Amino acid sequence: MTDEWIASDFSGNFNGNNHTITVSKFGTATRGGIFGKMSGTVENLNVTTSNTTFGDFSYFGIISGNCSGNIKNCKVSGKISVNENKKEMYYGGIAGVCSGKITNCSSDVQLNATLWTYSSSIAGSGRAIMHYGG
């Protein structure tokens with residue numbers, strides 16, 4: 001995909017049949033990735049991204065920003081750079097946050113992050129917190 005990809009929420013079953021999706025740029029939303037917020041199952045999918053840089057996500061993972069379903073037999077690779085000033089952020093190679101299950105997956109993602117002190121009229125200001133993982 002050479003155009004900007006903006007994630008939408010997804011529930012159901014998605015079988016990628018071991019195809020590879022290459023994303024050149026993820027568009028900004030609260031939750032980002034191939035799917036923003038997902039339930040159900042995503043399986044047999046490979047996703048690669050080059051030098052994706054962003055700063056507007058609270059949740060970001062290449063497959064899903066926020067997963068409450070199952071991610072199975074998936075591979076992600078690439079480089080993600082974060083430059084953000086939010087109070088709290090969740091970033092990962094496969095999923096930003098997952099209360100479901102991730103099984104038989106691999107992540108070869110380089111994550112670079114620049115954190116700033118956040119400033120918000122609602123949350124006040126202070127040091128940003130980042131949760132990150134593969």
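Which residues touch the most other members of the largest nonpolar core? In this predicted model, the largest nonpolar core holds 24 residues, and among these it is Val 42, Val 47, Ile 63 and Ile 71 that touch the most other members. The elements that each contribute two or more residues to this core are strands β2 (8–23), β5 (35–54), β9 (75–84) and β10 (88–92), and of the elements it is β5 that gives the most, with 5 residues. The contacts of one of these residues, Ile 71, can be listed in full once residues up to four places away in sequence are set aside: Ile 71 then touches Met 38, Val 42, Ile 63, Ile 94, Ala 95, Lys 101, Ile 102, Thr 103 and Cys 105.

For the protein as a whole, the secondary structure comes to 0 helices and 16 strands. Of its 134 residues, 38% count as buried, and the protein exposes about 6900 Å², of which carbon and sulfur atoms supply 45%. When contacts between residues at least 6 apart in sequence are considered, 78% of them join residues that are at least 24 apart.

The aromatic residues offer examples of contacts between parts that are separated along the chain. The structure holds 5 aromatic pairs, and one of them, formed by Phe 10 and Phe 35, is stacked, with 4.6 Å from centre to centre and 25 degrees between the planes. Because Phe 10 lies in strand β2 and Phe 35 in strand β5, this pair ties together parts that are 25 residues apart in sequence. Both Phe 10 and Phe 35 are buried. An edge-to-face arrangement is found for the aromatic pair of Phe 26 and Phe 60, where the centres are 5.0 Å apart and the angle between the planes is 80 degrees. Here Phe 26 lies in strand β3 (residues 25–26) and Phe 60 in strand β6 (residues 59–61), so that the pair ties together parts 34 residues apart in sequence. Phe 26 is buried, since its relative accessible area is 2%, and Phe 60 likewise counts as buried, at 0% relative accessibility. In addition, ring pairs link Phe 10, Phe 14 and Phe 35 into a cluster.

Two members of this cluster also appear among the contacts of Thr 41, a residue of strand β5. Leaving out residues up to four places away in sequence, Thr 41 touches Phe 10, Gly 12, Asn 13, Phe 14, Asn 70 and Lys 72. With a relative accessibility of 13%, Thr 41 counts as buried, because this value falls under the 20% that marks the limit for a buried residue.

Lys 72, one of the residues touched by Thr 41, takes part in a salt bridge, and the structure holds 1 such bridge. The partner of Lys 72 is Glu 43, and the closest N and O atoms of the two residues are 3.8 Å apart. Since Glu 43 lies in strand β5 and Lys 72 in strand β8 (residues 70–72), the pair ties together parts that are 29 residues apart in sequence. At 32% relative accessibility, Lys 72 counts as partly exposed.

Ala 95, which is among the residues touched by Ile 71, has its place in strand β11 (residues 95–98). Ala 95 counts as buried at 12% relative accessibility, and, not counting residues up to four places away in sequence, Ala 95 touches Phe 60, Gly 61, Ser 64, Cys 67, Ile 71 and Ile 102. The C-alpha atoms of Ala 95 and Tyr 59 are separated by 8.2 Å, although the two residues are 36 residues apart along the chain.

As for the cysteines, the structure holds 0 disulfides. Cys 74 is in no disulfide, and the nearest cysteine sulfur to its own, that of Cys 105, is 4.7 Å away. This distance does not qualify because a disulfide requires the two sulfur atoms to lie within 2.5 Å. Cys 105 is likewise in no disulfide, its nearest cysteine sulfur being that of Cys 74. The two residues can also be described by their accessibility: Cys 74 is buried, with a relative accessible area of 1%, whereas Cys 105, at 23% relative accessibility, counts as partly exposed.

How values were computed:
Residues are numbered from 1 along each chain as its sequence is written. This is a predicted model: local features need pLDDT of at least 70, side-chain atom pairs count only at pLDDT 80 or more; totals for chains, interfaces and linings use all residues. Side-chain values use heavy atoms; hydrogens and water are left out. A nonpolar core is a set of buried Ala, Val, Leu, Ile, Met, Phe, Trp, Tyr and Cys residues joined through side-chain atoms within 4.5 Å. Buried means under 20% relative accessible area, exposed over 50%, partly exposed in between (1.4 Å probe, protein chains only). Helices (H or I, at least four residues) and strands (E, at least two) are DSSP runs, numbered from the N terminus. Contact means heavy atoms within 4.5 Å. Rings of Phe, Tyr and Trp (its six-membered ring) pair if their centres lie within 6.5 Å; planes under 30 degrees apart count as stacked, over 60 as edge-to-face and the rest as tilted. Accessible areas come from the Shrake-Rupley method with a 1.4 Å probe; for residues, only the protein chains shown count as cover. A salt bridge is a side-chain nitrogen of Lys or Arg within 4 Å of a carboxyl oxygen of Asp or Glu.
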